[in-house]
Amino acid sequence: MTNLNPVEGLDTLTRSLARRTPEQLAVLLTRHAEPLARRPAPTELRGLASALWSYEVLHQLVIHLDHPRLQVLAAAARISQERAGRAAAGPAAPAPGADYQSLMAHRLSFAHLASEPVPPEDVYAALGATGPGPERTAAERALHALYDDGLAAPADDGAIVVPPRTPQLLAAHDLGPFAGSAPQPAPPAAPGPAPGTGRTTLTAQSLLDESRAAAATLAATLERLLASLATQPAALRKSGGLTIREIKRLAKAAGATEPHTRLLLDLALAAGLIALTRTPSGITALPTAAYDDWLARPPGERLAPVLAAWSALWAIPTHTPFGETPTALVRGHDRHAPALRHALLAALATVPLGAGAPLPSLPSPEQEELRDLLAAADWYRPLAVTRQPPAEDRAAHTLHEAACLGLTAHGTLTPLGRALLADPQTLGEPLRDLLPPLLEQAHFQADLTAVVPGRPSAALDGLLAAAADRESEGHAVTWRFTPASVRRALDTGRTADTLLDDLAAASAAGALPQPLRYLVQDTARTHGRMRVVPAACCVRSDDETLVKELAAHRTLRDLGLRAIAPTVLVSARPPADTLAALRAAGYAPALESGSGATTVERLPTHRTKTPAPTRDPGAPLVLAQRLLGRAAEA
């Protein structure tokens, strides 16, 4: 075997990619979509190989490697570096006290030494997996997984070629001895329930019920949060993120804690339900057009994109590092967070029903059960769990987020959590089975309340919210009708008859109680006795003749000018439109402030909203076909 320079190593990977089918290459592109999206789209297989073995992409991919794959990759890189170093000695080490540039040049020069192919048997021997057995099987499976992920490539003689930058990435990590199988979390040493305490044994049905309750609460809380944003958009700080005052306001409207509100805001932003929009007064957060479509979906379909966004979120929203101010709606930079979630969920998936440890308390997550869970989770993602301080604090907050989302309960995974662990993009069916359908009718009672024994539909919720005040929420939602709430419905243009007809159509009994009918009719009888004239602005002039001329001017009819005094006209259009219309008609008006001083006009600046990029599910297969087609032509 001869040494390979980095160019020849990329040629080996390119030939390995060219032997795949379009479907196999599309799977690789889909699996690595996140890091590859940060680079220009490749136009040929050689460009894809260069992207896969670039330092930035490798740095992100190795975080998601489990213990066997990471051990095989590190062993192959170490042996390759040693072989290449013996064949062609590297530069001499710099003298003591050398400058920074000399030290870095010497360190980076070793990255190009990992270019000699390594026989697989040498790697197995370095891992202690020479003979047949579970360890050898795990090592072989890990090597083939590295080939599938493009993190290593087989040479023509079967040797292993690894990326040149691998030693630089993994040299500082002590991975310990090779372990082919995942360790089991230690069961808690708590004694069984005392006789006569009334505690029942945990069953699969109770686990399902707790997950269903958490998912229902999550759906209702998220709906109230987005409705509050739709009513009053939240303003962001100039430095980025929401202020504590805005978070408190939204938490009160959603009926959730502040950490839970920060979590839901970040998930809604990642799912595309809200967006950050630049306005003349600053940046605000408000729902997008996708929010209207989201409201029309069943509860299960509403939660699916939110839970999928949590699995890939580059942040732990409920965790605030020491010295930082808790906020929300900022771009996450924690690239280890998705791998940490996967490792914790994978470790919890091995915990038998009833053997899980209780959820660690916050903000003091120090307990033995959490350390045992971290030790088991470290096998699934070694570079993202215990090697990222503070590991226990980050893990405790991640577990609390998973419990709030209905993914964990009683120290183990719920069926919804197992579905998310298997594939975050196929949560529709588990959620449809988990959450009941929305209710279209309510039970109206004589005490002026309306009760919905479940989750109301968007139409029913909008009707009751317009005419009544939400009083309580849980397994059933209760609204109460008051004179003020009925007056609020009449203010929106409804009459007493139309409101009573809409409420009767939404009644499960088909009729309304007499006290409710009397309340609506009595409130409508006193509604509108005094009138408020709408006016966008006023036109004032000391010349009464000019005022009469403007009111009778035909070209100014669109302004809706009406005289409310001999020298005052009210206009139905805003000041800017009124000024433009008067000037177009040949007049020379001036803009006046509320204090009576003339205002200097400035041209407004307009900005357009940048559309959010969308990812086409069929794009990886199209790109794979194009790359393989060009490779065939070459």
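Three exercises on a predicted model follow, each with a worked solution.

**Exercise 1. The sheet**

Work out the strand order of the open sheet of three strands, and identify its edge strands.

*Solution.*
- Start with the order: it reads 12-14-13, and the pairing is antiparallel.
- Next, find the strands that pair on one side only: these are strand 12 (537-540) and strand 13 (562-565), the edge strands.
- Add the twist, which averages 35° from one strand to the next.
- Now take one pairing in detail: strand 13 and strand 14 (residues 568-571) run antiparallel and share three bridges.
- Finally, place a bridge: Ala565 has Val568 in strand 14 as its partner.

In general, such pairing is made by backbone hydrogen bonds.

**Exercise 2. Ser485**

Decide whether Ser485 is buried or exposed, and describe its surroundings.

*Solution.*
- Locate the residue: Ser485 sits in helix 22 (residues 483-491).
- Check accessibility: the relative value for Ser485 is 0%; buried means under 20%, so Ser485 is buried.
- List the contacts, leaving out residues up to four places away in sequence: Ser485 touches Ala466, Ala467, Ala468, Asp469 and Arg480.
- Look for a polar partner: a polar side-chain atom of Ser485 lies 2.8 Å from the backbone nitrogen of Thr482.

**Exercise 3. Helix 2**

Determine which residues of helix 2 (residues 22-31) are buried, and how they are arranged around its axis.

*Solution.*
- Pick out the buried residues: Leu25, Ala26, Leu28 and Leu29.
- View helix 2 down its axis: these buried residues fall within an arc of 160°, so they line one face.
- Recall the geometry: an α-helix has 3.6 residues a turn, so residues three or four places apart point the same way.

Methods: Residues are numbered from 1 along each chain as its sequence is written. This is a predicted model: local features need pLDDT of at least 70, side-chain atom pairs count only at pLDDT 80 or more; totals for chains, interfaces and linings use all residues. Side-chain values use heavy atoms; hydrogens and water are left out. Two strands pair if DSSP finds at least two bridges between them. Helices (H or I, at least four residues) and strands (E, at least two) are DSSP runs, numbered from the N terminus. Axes are lines fitted to C-alpha atoms, for helices over the stretch in contact, and angles run from 0 to 180 degrees between N-to-C directions. Buried means under 20% relative accessible area, exposed over 50%, partly exposed in between (1.4 Å probe, protein chains only). A polar contact is a pair of N or O atoms within 3.5 Å; within protein, one must be able to donate a hydrogen and the other to accept it, and residues adjacent in sequence count only if both atoms are side-chain atoms. Contact means heavy atoms within 4.5 Å. The arc is that of the directions from the helix axis to the C-beta atoms.
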